[in-house]
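Let's walk through how the chains of this assembly meet one another. Have the structure open and follow along.

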Protein chains: 4
Amino acid sequence: MDFGHSPRAQDYIARVQAFMRDHIFPAEAAYHAQMTGSPDWRQWRQPAIMEDLKAKARAAGLWNLFLKDPHHGAGLNVVEYAALAELMGHNTMAAEVFNCNAPDTGNMEVLHMYGTHAQQQQWMLPLLEGKIRSAFCMTEPEVASSDATNMAATAVPEGDEVVINGRKWFSSGIGHPNCKVLIFMGLTDPTAERHKRHSMILVPLDTPGVKIQRMLPAFGVYDEPFGHGEVTFDNVRVPKENIIAGLGRGFEIAQGRLGPGRIHHCMRCIGGAERALQLMTARGDQRVAFGKPLNQLGGNVDVIANARMAIEQARLLTLKAAWMMDTVGVKAAMSEISMIKVVAPNMAQAVIDAGIQMHGALGVTLDTPLSTLAAYVRTVRLADGPDEVHRKVVAKFELARQRLARGEA
Amino acid sequence: MDFGHSPRAQDYIARVQAFMRDHIFPAEAAYHAQMTGSPDWRQWRQPAIMEDLKAKARAAGLWNLFLKDPHHGAGLNVVEYAALAELMGHNTMAAEVFNCNAPDTGNMEVLHMYGTHAQQQQWMLPLLEGKIRSAFCMTEPEVASSDATNMAATAVPEGDEVVINGRKWFSSGIGHPNCKVLIFMGLTDPTAERHKRHSMILVPLDTPGVKIQRMLPAFGVYDEPFGHGEVTFDNVRVPKENIIAGLGRGFEIAQGRLGPGRIHHCMRCIGGAERALQLMTARGDQRVAFGKPLNQLGGNVDVIANARMAIEQARLLTLKAAWMMDTVGVKAAMSEISMIKVVAPNMAQAVIDAGIQMHGALGVTLDTPLSTLAAYVRTVRLADGPDEVHRKVVAKFELARQRLARGEA
Amino acid sequence: MDFGHSPRAQDYIARVQAFMRDHIFPAEAAYHAQMTGSPDWRQWRQPAIMEDLKAKARAAGLWNLFLKDPHHGAGLNVVEYAALAELMGHNTMAAEVFNCNAPDTGNMEVLHMYGTHAQQQQWMLPLLEGKIRSAFCMTEPEVASSDATNMAATAVPEGDEVVINGRKWFSSGIGHPNCKVLIFMGLTDPTAERHKRHSMILVPLDTPGVKIQRMLPAFGVYDEPFGHGEVTFDNVRVPKENIIAGLGRGFEIAQGRLGPGRIHHCMRCIGGAERALQLMTARGDQRVAFGKPLNQLGGNVDVIANARMAIEQARLLTLKAAWMMDTVGVKAAMSEISMIKVVAPNMAQAVIDAGIQMHGALGVTLDTPLSTLAAYVRTVRLADGPDEVHRKVVAKFELARQRLARGEA
Amino acid sequence: MDFGHSPRAQDYIARVQAFMRDHIFPAEAAYHAQMTGSPDWRQWRQPAIMEDLKAKARAAGLWNLFLKDPHHGAGLNVVEYAALAELMGHNTMAAEVFNCNAPDTGNMEVLHMYGTHAQQQQWMLPLLEGKIRSAFCMTEPEVASSDATNMAATAVPEGDEVVINGRKWFSSGIGHPNCKVLIFMGLTDPTAERHKRHSMILVPLDTPGVKIQRMLPAFGVYDEPFGHGEVTFDNVRVPKENIIAGLGRGFEIAQGRLGPGRIHHCMRCIGGAERALQLMTARGDQRVAFGKPLNQLGGNVDVIANARMAIEQARLLTLKAAWMMDTVGVKAAMSEISMIKVVAPNMAQAVIDAGIQMHGALGVTLDTPLSTLAAYVRTVRLADGPDEVHRKVVAKFELARQRLARGEA
């Protein structure tokens, strides 16, 4: 057993930490001040400082860290990158600086693993360069996405084209001024086997028939300039060359995509909790009430200790899930991935809430990153499968494991 | 013991319920659609439908229900009005319809109890008519308001005037287009006894030197068109006639103001939780996943039962606190008031969070009232004293009571 | 609304409190010292002091307080008696002193409501006199009692007799040296309608074929001198006159029996929690660590406040359920009765656990009543229906209520 | 990072698992049936089967596994042994089988590290052989042990002897028929520096003046045949040769003793939780209510998943603390050790409680190991420092770490 990071990971951790301390945290206020705060995404602009930061990060060799491929990315394994994803979770702007933001990471991975050479040239390379952004269109308003096979929007081959129809929402990233392409997942063959009915298709955002109806707020936060869109597809036609991997392979691709994505989400949640604890303890040392710093009052000692204990546990479990992905593969790590998908955002929700409480009224404003982080981690409890579905997965594996141990089939 | 409402309360409950069913719930969507969604309060307008609803409510005799005085209000006691405050908590627009919204209710009560005839004529009557709105400026960004005697902004007599200086924030209601006056609480005499240092002063919003710096979001929600402002006072001068009750009486007035205000807040929290349970069970009956309505899946039965049990308990405790205010007075009910101030918003936070979870992604949007209610009840855990201070009060009374029972002084 | 007790209840409360203060608490140590501490119930003796206390209580008019019938009991309604049941919950000996202990109370009620004159003469009167004790045999080891219709032990008529066979456990009270009779509930007609299959039969303890196999500990506590027995019935024959109310009426009787019984259990749980809070605060005032009384250290203020808030809420809900039983009947109060059956023992478990924690090692010993109370309230979460079943009942009623409100059948 | 056990640990894990499956679990019922169940420890006998099992374990090379020294023990490091301690936590008899039971392990470690050659010959070797048992006398009834410097019983040098006086309790192991020696920790020099006032002394149990007053139950469980004694020392005289390490070095020794001891306790708690989950899932598969196995009813899926997630997290944190002890030493692991001391028993208490609930009435009896395990893990929340003290330690380290990160001293 070795609970220490590899020398390579330690090196990256130190460099990302230094970069964030020197460049990102100082830019937080300016970045947020350049937001419009408006629900109208057509007015959104990427804050100017972001491209500066991206250039600096790239120059520092801190770019595409999520990608295992050493040619296009940093060549880190899942457990190594996990530590960096945590650091990027300290605010909601850092991931983009390192070109490691969702959903682009997942989309790049999909194109890297399943894309044709042409698809990679046209879309993956500009994404890896950070020149364009992309969206992912899977969730639908009309069906329970907790059971993803419910997806009803269609992607039907017709001659040399694929015809796309339906309504998606929480299409993340689609409001970004640089968003040029989306990956659409839709129903191709309702008569096929349950997990072979859906396909993934690349759709340029300017294809006729694609219409962003609005951006959806999450707890009042629009996640500007990325946004989560409600999008309609009305007889949208793209060439068959835009199919990824082949018709009916949507779920196969999604499974590969979701594994690392969940690790990233969870580690960012943990980073958010770490940031909350950092801010909370700083505040509690400085703010005085009833003649004492808050940290010395009443149960705040317990609040701090409980936060630390919860963070440590969630982090270890997430790192273990990452390590299993590296060593025995996604499939063998399915129960652990479901575990962290419940544990990490719930833990972060509680810790960030405690951080807000320690800040008093300040905590609910946008003057600290806390309320934005709170919105982020709360939505993670719903995205990529709600808590309830993941608990069900964990219980299913547990019962099977126990039956096996009892000698029952 | 009698856990039933008085016939008078039952009559009002039925009428408010009918009015909400017939007029307010159908207007929710239109009301929210007329919001700008912008942080810039200067663009805010009161949705047109509000004045219609107010006129209807007034015509129906459902107006100023909070005011015990049967001449100006409905003549209901605290426990009777509590039931109505709960109903108004089902969304964030109902209270204004019945002219029962904070902070106007508290301001009207203060003017009713402590105002001079001239103050009442000038400000209380238009407020009771619903023609103007008002704000309350107490909390300050620079000091821990959990210990309210920290307040540092000044209200100093100078000749025939009072001179006001300092910075306040979370001045609720100040963004409303109809807001005309604010009640300022500030330090008059730092050498006086701890609770006799502060005064309350009426300040017309257009007095030179009063400047709204910005509106403060709570979890991304601006509470449009009321808002919570950050306000600076720069040598603001008002005539001495604007002092309420007398210099140094700020805390005395505040105590009287806060008691009923806390009941109202708590009952609205309970109403918010009730609404969440209503929406959650409706959603859970309709939405299907894995072949079953959500209400029949996994632990949702426990979620629903736990919500019901928590609501019932919090409501009973809040009504008991209200009943004590009616029968033995605010002072004797101080521990109970602190109890509900912890219990009600925490309960509501948990129940509304569960309601959001049952709605999936829809729950975090503004398409249901859930995320707005979530922001509201979460801020109640900080407003009028954070949980921590109220728990301290409860423990203090408990220890005293136990010592008395043990025969120790 | 009136949250105050009736003058009659207040009078009884004062008298029971005084009696406990003057006679019962001083006798606690002696009573427990006279226990054998042995699992072998044949060695159990009722501590001598009990009969003295019973005589005193009876002389003081504090006797059979649970019985509504003013002729045989005190004539108190459910909500009035509830307050007294709470006081008796302060330890595990008080209920017997006032002849108000389970399962005798339930058995007396059954005989009072359903017994023939002969049954009342033979068994109810000696029970009301406190001269004999009784047991109740319902739960079975082999079937899930959460679904009571599972009960499989048989009570079959044969000529002038009823023949009883099977195995029961957690037959409470059966180890008491004075126990003379038990009420057996068993299957009479497996072909009848689900809730008309079982009968209740009076069985003298010395009937041939009745064999106590052992006493069952609950968390190591045997509840001496009452005990919870595992009992076998091997061709036990009693005359048909011992049938209560009629064959097949077991569930009908049980329902009437369980309603008040659950109120009693819950109020005793609340009393146990109240006692724990009393002991915890006393200990916390006296015990010093790190230079301060425990009550002033860290989060203990929160522990105390949380305990008080939880107790108040659980009590109000239990009293409301009692009030509903008095005013609208058991049937209309079914959801509320299920609510308290979850809320009260869970609350008490948490509060008593906190009380133990505040006592350090002393808390886990038998030197305080805490660990015995902990065992008691924990078993209440299983007795008379486990939490899970009651939550299911609450959710069922809630969903029905919400559907009705939505205008759905 | 490597979350896998070393080959050596894996080998031991497999062997201990096999031994427990083949020899210990089958003997559980017989072992418990041979208990007297009496509070009178003078009647206690070690069940005959224990010596058989010990001989078998020793023959299988599964003996003194806790001891790092490869000469006397297995030569495992802390993290390797931790996995075995977990397995031994599956019931309360296994640790003794492998000669790895508290407090003997700690006492052997103390003698191994600090004992003179004579002390080792006389006491350590027989302990390592499993021929005698020992006790540890530290906690006192009259002072708060959470602040261990409070200890008031005295160990005063007088000529060639040390004179011992005072009262100890929760002296674990002292009721064992084979217990021959105890380690006493007492006050030697009240004027010395706070952590240099106390000494540790070896006291043969038959020394005149040593008197066991009684055994203390923990939640009704006496932990027969070990027991937790209340012991008085009345002018007990032992030769100076019995001082361990030197006068005034009690705390120094205790610190070294407590580190590994806490790992062992925590891993046994985790083992207890694992056993509970095993029993709970087996029960839930077999027991049927309302037509379905319990595991498929309501929220039981969540109960099982929550248990699994909590166990995994607690285990990882405990193993990390163990790994830190191995790699950077006890001192650098102090915060982590305090974390697990809170996390592990609290987690286990919750999981075992859920296990009991799933068993219904059976769960509270002694027919499963659950209620004994519940008593064990609950006491761990008090032993070796209560939760409150450990949370305080964690918060203290956290605040220091955050200040350092902020560049504050």
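Start with chains B and D, where four residues of chain B are in contact with four residues of chain D. Keep in mind as you look that this is a predicted model. Sort the chain B side of this contact by class and you get one nonpolar residue, two polar ones and one charged one.

How do these two copies relate to each other? Turn chain B by 180°, with a shift of 0.0 Å along the axis, and it lands on chain D with an RMSD of 0.0 Å. Those values are what a two-fold axis gives, so that is the relation we have here. The contact fits the picture: 100% of the contact residues of chain B recur in chain D, with the same surface serving both copies. To find the axis on screen, go to B:Gly299, whose C-alpha sits 1.8 Å from the rotation axis, the closest approach of any residue of chain B.

Now swing over to the other side of the story, chains D and A. Here 36 residues from chain D meet 36 residues from chain A. On chain D, four helices each put at least two residues into the side that touches chain A: α8 (250-286), α9 (300-327), α10 (334-359) and α12 (387-405). Which of them gives the most? That's α9(D), with 14 residues. As for the chemistry, the chain D side of this contact breaks down into 19 nonpolar, eight polar and nine charged residues.

How values were computed:
Residues numbered from 1 in each chain as written. Chains lettered and ligands numbered in written order. Predicted model: local features only at pLDDT ≥ 70, side-chain atom pairs only at ≥ 80, totals over all residues. Contact = placed C-beta atoms within 7 Å. Nonpolar A, V, L, I, M, F, W, Y, C, P; charged D, E, K, R; others polar. Least-squares fit on C-alpha atoms with pLDDT ≥ 70 in both.
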